[in-house]
Amino acid sequence: MGLITKTKLSEAVGWSESGGRRWINFFKDYIPHTKSGNIILYNDNSVNVLKTIKQLSESGLTQKEILEIIKEKGIPKDLTEVSEIIKKVNSNPSDIPLSREIMIPFLNVINDGKAYTSSYITDELTKVFNLTEERRTRSYENSKDSIFITRIRQVRYSLKKSNYIEEVSQSTYQITQSGLILLNDNQHEIQEEIEDMEEVIDPFEVMQDKFDELRKDLAKSIIQQVKKAHWKKLEYIIVELLMAMGYGDGKITGKTNDGGIDGIIKEDKLGLDNIYLQAKRWDNSIGRELVQSFSGALDDMGAKKGVFITTSHFTKGAIDYAERLQTKKIVLIDGETLAKLMIDYDIGVNVKENFVVKKIDFSYFDEE
């Protein structure tokens with residue numbers, strides 16, 4: 001097969017043009033492609049990667065879940081790896097239901113035509129699937145979002161977008177006539193409709209993913225700029241950051257000895273309670289010995305509070321040492337955390353564009 005367009009790529013894996021485009025766009029960073037002028041073209045490897053993604057989607061995984069797998073382990077190399085992932089997902093169907101398994105039970109919960117709140121529907125679905133509190137509240141790795149609640153939210157959006165339910169007031173839903181008809185369809189027609197609804201994507205989630213992606217890229221750029229700047233710039237940054245965070249007035253000390261203090265934050269006007277700062281613009285990891293040296297400098301100052309900031313990261317030994325300290329508190333801030341704090345407190349960044357996402361105010365339409 002020669003080079004093909006996005007439309008032909010969708011056809012090659014058995015997706016409709018519109019459905020294929022959504023998946024291709026979502027996984028564009030992982031699907032091999034080349035550019036010919038303004039046209040993006042794909043090859044055999046692109047087809048194989050998209051077929052793998054399609055197999056994972058057909059197992060019940062959402063786009064977000066597939067993306068997390070790919071980020072962690074890369075694209076599965078063969079059918080064996082795909083089968084292992086699918087087997088793991090479906091190994092315990094009573095564990096946490098997939099989005100496709102929630103759709104019809106969701107409609108059944110509200111099939112009497114009355115309006116129900118999202119919390120009531122969630123509670124009823126918890127009973128339907130006989131979920132323990134642990135299963136209901138279990139979150140994704142490195143996230144606070146409940147897997148079950150996230151999947152219900154996805155289902156709710158798909159059902160609403162497909163006109164099977166409507167939001168009649170704030171977070172309150174009612175089945176539509178189309179939803180009632182769907183419940184009376186035969187199993188084959190219901191299954192086909194579920195497959196179509198699985199392709200429906202909440203644009204807010206897409207925006208959130210893109211926002212997170214932009215934020216990560218910005219954080220990387222910030223650390224790169226800090227590393228390029230004069231070494232004293234980091235000292236000014238950490239003092240400015242702590243002041244912006246509301247810890248008090250600060251100043252640079254100007255000391256250069258390794259165990260010394262680079263900055264001081266006065267938590268009160270008289271300086272009765274100070275935070276002492278040290279900054280290291282390094283590429284290598286910061287080990288226990290450097291944190292211990294900083295701790296000794298704090299002892300020399302009779303200080304109880306310190307913040308050690310680096311553009312790199314801390315070893316486990318350094319982190320364990322800081323956590324075990326009894327007579328003083330040393331907070332360790334690595335490069336990734338530093339960049340995130342600089343973004344949050346507008347240090348070294350400015351606003352490029354503001355996007356406001358609005359939702360309907362149901363109270364405005366209530367009778368007075």
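**Exercise 1. Find which residue stands opposite Asp249 in β7, and place the pair in its sheet.**

Asp249 stands opposite Lys266 in β7. This is a predicted model, in which local features need pLDDT of at least 70, side-chain atom pairs count only at pLDDT 80 or more, and totals for chains, interfaces and linings use all residues. Residues are numbered from 1 along each chain as its sequence is written, and side-chain values use heavy atoms, with hydrogens and water left out.

Step 1. Strands (E, at least two residues) and helices (H or I, at least four residues) are DSSP runs, numbered from the N terminus. Two strands pair if DSSP finds at least two bridges between them.

Step 2. β6 and strand β7 (residues 263-266) run antiparallel and are joined by four bridges.

Step 3. The open sheet has five strands in the order β6-β7-β8-β9-β10, with mixed pairing. Its edge strands, each pairing on one side only, are β6 (249-252) and β10 (329-333). From one strand to the next the twist averages 20 degrees.

Step 4. Helix α16 (residues 335-344) lies across β9 (305-310) and β10, and runs at about 85 degrees to β10. Axes are lines fitted to C-alpha atoms, for helices over the stretch in contact, and angles run from 0 to 180 degrees between N-to-C directions. Contact means heavy atoms within 4.5 Å.

**Exercise 2. Work out the strand order of the three-stranded open sheet.**

Step 1. Two bridges join β3 to β5, and these strands run antiparallel. Within this pairing, Thr117 stands opposite Thr172 in β5.

Step 2. Strand β5 (residues 172-175) is also joined to β4, by four bridges, again antiparallel. Ile165 has Ile175 as its bridge partner in β5, and Glu166 stands opposite Gln174.

Step 3. The order is β3-β5-β4. The edge strands are β3 (116-117) and β4 (165-169), each pairing on one side only.

Step 4. β4 and β5 form a hairpin with two residues between them, and Ser171 in the turn has a positive phi of about 55 degrees.

**Exercise 3. Describe how α7 and α9 cross and which residues meet.**

Step 1. The axes of helix α7 (residues 118-128) and helix α9 (residues 147-161) come within 11 Å and cross at roughly 120 degrees.

Step 2. The crossing is right-handed. A crossing is left-handed if the near helix is turned anticlockwise from the far one by less than a right angle, and right-handed if clockwise.

Step 3. From α7, Ser118, Thr122, Leu125 and Thr126 meet Phe148, Ile149, Ile152 and Arg156 of α9. By class, this contact has four nonpolar, three polar and one charged residues. Ala, Val, Leu, Ile, Met, Phe, Trp, Tyr, Cys and Pro count as nonpolar, Asp, Glu, Lys and Arg as charged, and the others, Gly among them, as polar.

**Exercise 4. State which helix gives the largest share of the lining of the second largest pocket.**

Step 1. On a 1 Å grid over the protein atoms alone, a pocket is an open set of points where a 1.4 Å probe fits, with protein on both sides within 12 Å along at least five of seven lines; lining residues have an atom within 4 Å of a point.

Step 2. The pocket is lined by 18 residues, and Phe211, Leu214, Lys352, Glu353 and Phe355 lie nearest its centre.

Step 3. Helix α12 (residues 203-228) gives the largest share of the lining, eight residues.
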